[in-house]
Amino acid sequence: MSQPLSYIHAEPDDAWSTYLAQVERVLPYLGPLARWAETLRRPKRALIVDIPIELDDGRVAHYEGFRVQHNLSRGPGKGGVRYHPDVTLEEVMALAAWMSIKSAAVNLPYGGAKGGIRVAPELLSRKELERLTRRYTSEIGLIIGPQQDIPAPDVNTDAQVMAWMMDTYSMNVGATVTGVVTGKPVHLGGSLGRVKATGRGVFVTGREAARRIGLPLEGARVAVQGMGNVGAAAAELFVQAGARLVAVQDHSATRVHEGGFDLATLMPHLREHRGVAGYAGGEAADAEAFWDLPCDILIPAALEGQITAARAQRLRARLVLEGANGPTLPAADEVLAERGVLVVPDVVCNAGGVTVSYFEWVQDFSSFFWTEDEINQRLDKILVNALKAIWDTADHHRITLRTAAYAVACERILTARQVRGLYP
Ligand code: NAD
């Protein structure tokens, strides 16, 4: 009855197509709520903005920016802002939709949103980056706000970018509104534990999954793609738990070390050189060979679409922990399920970030701040409970954890949709 969206033309392996395929798989488990499923297949609101900025040399450059609110049935939009040259409306739509599913899978009172600017931020000076961020914030100021839609960091954005966003929004409305973004610096209403929260969540859900499949963390071999905010924090916690980090890959290099990398030297190298390239420990490896390496736990924590069906046939892990959003293509999901490789899906595995963002938002509203221990304990509890509910659903229907996570999440979203009714 509804026409397909006219403004989007996604290729089969694009992020939006991946998301739609994931939605199709959950429909048989939604019962009468499937009547509302079309809600999931289209964003509620998609804003495209032009961002002109003056460069340091006096020239004017224009950038494309996006903010998409996929679903707001359960609460305000929530989701990060990505700065990357490959950002497209289609990608931001998928990332926003995954945020709807994620917030609902973990039962946070949010809908899903995401933003992005099509830019290579490493080519801009700090001042240019600030001007870009401020103009983008003003442009999307039409639809963001602490009760409407709350941005956060994602790829290539950090606490400083959030501070500029918060300041710009606050100047525009004439009041200090700390709750308009999360992932802020701690002295500006940020939350303790936020920076490492996503990596911590990958560890917590990975620890639970490993326990259930009888895989001891002590001595487990871990391979990580993407040693940024998410991947590095997760790697650190696994190593602290006794695992060995045997392979790392980022945009700059791939390195392997059967005995396990020494984090005391790897982490400072990553901070100083902004990548693995040039690190002396272990041995260099071919980028494609990363997917053949023997390991127990594989953590894709870079970009989407990395685990193709062909790579899924080859990879040798028992457990895949999706630190990144959408790293596994639908065809690869089938291969992994057939091969008995357990995948903890992104919508719960990397939900630690949005969960501590939720804590930050709540703390900002109450102007009362919690200790890091309190935050980490509450995070642990929420993720363990969310994973348990998803696991029970998977066992009940004999489906993958991903489809089960979608079943739990879509039931919450569509029930909210149904009881709110259609307006007018
Ligand atoms: P980041 O910018 O801190 O790190 C990204 C990492 O990916 C870097 O190490 C980079 O070198 C690597 N990378 C980029 N392109 C690559 C390529 N082609 N091949 C291999 N490695 C490549 O970003 P992040 O915040 O750690 O986010 C990583 C992923 O986690 C993204 O999918 C993001 O959406 C997701 N995520 C992030 C958060 C968060 O709180 N930051 C929360 C949930 C999900």
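1. Start with the ligand and the domains. The shell around the ligand takes at least three residues from domain 1 (43–177). Domain 2 (197–349) also gives at least three. Keep in mind that this is a predicted model.

2. Next, the shell itself. It counts 22 residues around the ligand. The closest are Asp-154, Thr-198, Asn-229, His-251 and Asn-325. Sorted by class, the shell holds seven nonpolar, ten polar and five charged residues.

3. Look at the backbone around the ligand too. Met-227 has a polar backbone atom 3.0 Å from an oxygen atom of the ligand. For Ala-302, a polar backbone atom is also 3.0 Å from a ligand oxygen. For Gly-323, the distance from a polar backbone atom to an oxygen atom of the ligand is 3.4 Å. How much of the ligand's accessible area does the protein cover? On its own the ligand has 830 Å² of accessible area, and the protein covers 83% of it.

4. Now the secondary structure. The protein has 13 helices and twelve strands. Seven strands form an open sheet with mixed pairing. Their order is 9-8-7-6-10-11-12. Which strands stand at the edges? They are strand 9 (283–284) and strand 12 (342–344). Each has a single partner strand, so one side of each lacks a neighbour in the sheet.

5. One pairing in this sheet is worth tracing. Strands of a sheet pair through backbone hydrogen bonds, either parallel or antiparallel. Strand 6 (residues 221–225) and strand 10 (residues 297–300) pair in the parallel sense. Four bridges link strand 6 and strand 10. In one of the pairs, Gln-225 has Pro-300 in strand 10 as its bridge partner.

6. Two backbone details deserve a check. Arg-274 has a phi near 55°, a positive value in a residue other than glycine. Where is Arg-274 placed? Arg-274 sits in the loop between helix 7 (263–273) and strand 9. The other detail is a cis peptide bond, which joins Tyr-423 and Pro-424. Its omega is about 5°. Pro-424 belongs to the segment after helix 13 (401–420).

7. Last, the overall dimensions. The C-alpha trace of the protein spans about 55 × 55 × 45 Å along its principal axes. The protein has 424 residues, and a compact globule with that number would have a radius of gyration near 22 Å. The protein has 21 Å, which agrees.

Technical notes: Residues are numbered from 1 along each chain as its sequence is written. This is a predicted model: local features need pLDDT of at least 70, side-chain atom pairs count only at pLDDT 80 or more; totals for chains, interfaces and linings use all residues. Side-chain values use heavy atoms; hydrogens and water are left out. A residue is near a molecule or strand if one of its heavy atoms lies within 4 Å of it. A polar contact is a pair of N or O atoms within 3.5 Å; within protein, one must be able to donate a hydrogen and the other to accept it, and residues adjacent in sequence count only if both atoms are side-chain atoms. Accessible areas come from the Shrake-Rupley method with a 1.4 Å probe; for residues, only the protein chains shown count as cover. Ala, Val, Leu, Ile, Met, Phe, Trp, Tyr, Cys and Pro count as nonpolar, Asp, Glu, Lys and Arg as charged, and the others, Gly among them, as polar. Domain bounds come from an automatic or database domain assignment. Two strands pair if DSSP finds at least two bridges between them. The radius of gyration is taken over C-alpha atoms; the globule rule is 2.2 Å times the number of residues to the power 0.38.
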